[in-house]
Amino acid sequence: MKKELYQWQEECLERWFSNNGRGIVQAVTGAGKTFLALTAAARLEKRLGRRLRVKIVVPTAALMRQWNQALREFLTDSCGDKGNSGDIRGEIGLRGGGHKGENGRRYMIYVINSARYELARKILAELRGGEAVLLIADECHHYPSGQNQLIFEFLPYIEEYPSHFFSLGLTATLPSGQAEKDLCAFLGKKIFTYGM
C-alpha cells in the first residue's frame, strides 16, 4: 500500500523544486525525512524524464541499514505488482559498514567514512558522462567538519552541469555560524523547517 505525503512534506517538495532541486530540510526526528527524500528522488526522475543516479550519505552503518530497508520498501511500493525483490536488490549498492557493493548501482548508500575518498570522484564522473545525480545528505549537520567535507570536493567542477546535479540535506539539528554557511554552500539554502 502506497504511503501518502503529509501536507508539510508536499509544501517542502514544492519549495525544493522551486529552488532547482537544492536545499536543506530541518525536521524533527521521526517526521518522515527519509520518505520525503525518496519521494523527491522519484518525482525528480519523473520530471527529468530519464534515469536518475541517487547517492545517499549517512553517518553510521545503522542508518545505512535503515535507508536500505526504506529504499527497498519504497521501490517495491513504486513498482507495484511488477516489482521483483531481485531486481530491486540489483539497483541498490552499499559502501561502508563492512559492505563493498558495486559502485555503479543506480542507488548508492554510503557511510560517510567510505564516502570521503570516492564519492566526489564518482559524482563528477557521472555528471561528465551525462548522468543526472541527486545527492541526499542525511544527518547533514555532521558533514561540514574536517575530513567529511571531502565528499563535496566535486562542487567547484560542476558549473557546466547545473541542470544535472541536485542535492537535499536532511537534519533535525542544523548548526549555526560557519558550519551552517558551509552546508548551505554545499547543499543549498535551508528551504523548510518542521518542528514538534
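Mentor: A residue is called buried when its relative accessible area is under 20%, exposed when that area is over 50%, and partly exposed in between. The model to which we apply these terms is predicted.

Trainee: Why is Pro144 called buried or exposed, as the case may be?

Mentor: Pro144 has a relative accessible area of 9%. The limit for a buried residue is under 20%, so Pro144 is buried. Pro144 belongs to the loop that runs between strand E6 (132-138) and strand E7 (165-171). Leaving aside residues up to four places away in sequence, Pro144 touches Gln149, Ala179, Asp182, Leu183 and Phe186. Between the C-alpha atoms of Pro144 and Pro175 there are 9.5 Å, with 31 residues separating the two along the chain.

Trainee: Glu139 is found in the loop between E6 and E7 as well. How do you know which accessibility class applies to Glu139?

Mentor: The relative accessibility of Glu139 is 21%. A buried residue would have to be under 20%, and an exposed one over 50%; Glu139 therefore counts as partly exposed.

Trainee: What makes the phi of Glu139 worth noting?

Mentor: Its sign. Most residues other than glycine have a negative phi. Glu139 is not a glycine, yet its phi is positive, at about 55°. Asn20 is another non-glycine residue with a positive phi, in this case near 60°.

Trainee: Where does Asn20 lie, and why is Asn20 placed in its accessibility class?

Mentor: Asn20 is in the loop connecting helix H1 (7-18) to strand E1 (24-27). Its relative accessibility is 60%. The class of exposed residues begins over 50%, so Asn20 counts as exposed.

Trainee: What makes Ile109 buried or exposed?

Mentor: Ile109 has 0% relative accessibility and therefore counts as buried. Ile109 is part of strand E5 (residues 107-111). With residues up to four places away in sequence left out, the contacts of Ile109 are Ile56, Met64, Trp67, Asn68, Leu71, Ile92, Gly93, Leu94 and Arg95. Tyr6 stands 103 residues from Ile109 in sequence and 25 Å from it in space, C-alpha to C-alpha.

Trainee: How do you know the class of Phe192?

Mentor: The relative accessible area of Phe192 is 7%; measured against the limit of under 20%, that value places Phe192 among the buried residues. Phe192 lies in strand E8 (residues 190-194). Among the residues that Phe192 touches, those up to four places away not being counted, are Trp8, Cys12, Ile24 and Val25. Ile24 and Phe192 are 168 residues apart in sequence, while their C-alpha atoms are 7.1 Å apart in space.

Trainee: What makes a set of residues a nonpolar core, and which residues have the most contacts inside the largest one?

Mentor: The members must be buried, must come from a list of residue types that includes Val and Trp, and must be joined through side-chain atoms within 4.5 Å. The largest such core has 40 residues, and Trp16, Val25 and Trp67 have the most contacts inside it. Helix H2 (residues 33-48) supplies the largest share of this core, seven residues. Apart from it there is another core, of 27 residues, including Ile24, Ala120, Cys140 and Phe186. As for Val25, the residues it touches beyond four places in sequence include Trp8, Leu36, Leu168, Ile191 and Phe192.

Trainee: Why is the protein called as compact as a globular protein of its length?

Mentor: The radius of gyration is 16 Å, and the globule rule gives 16 Å for 196 residues; the two values are close, so the description holds. The protein has seven helices and eight strands, and its C-alpha trace spans about 50 × 35 × 35 Å along the principal axes. Buried residues account for 49% of the 196 residues.

Trainee: How many of the contacts between residues at least 6 apart in sequence join residues at least 24 apart?

Mentor: The share is 75%.

Note on methods:
Residues numbered from 1 in each chain as written. Predicted model: local features only at pLDDT ≥ 70, side-chain atom pairs only at ≥ 80, totals over all residues. Heavy atoms only, no water. Buried < 20%, exposed > 50% of the residue type's maximum accessible area, 1.4 Å probe, protein only. Helix = DSSP H or I, 4+ residues; strand = E, 2+ residues; numbered from the N terminus. Contact = heavy atoms within 4.5 Å. Rg over C-alpha atoms; globule rule 2.2 N^0.38 Å.
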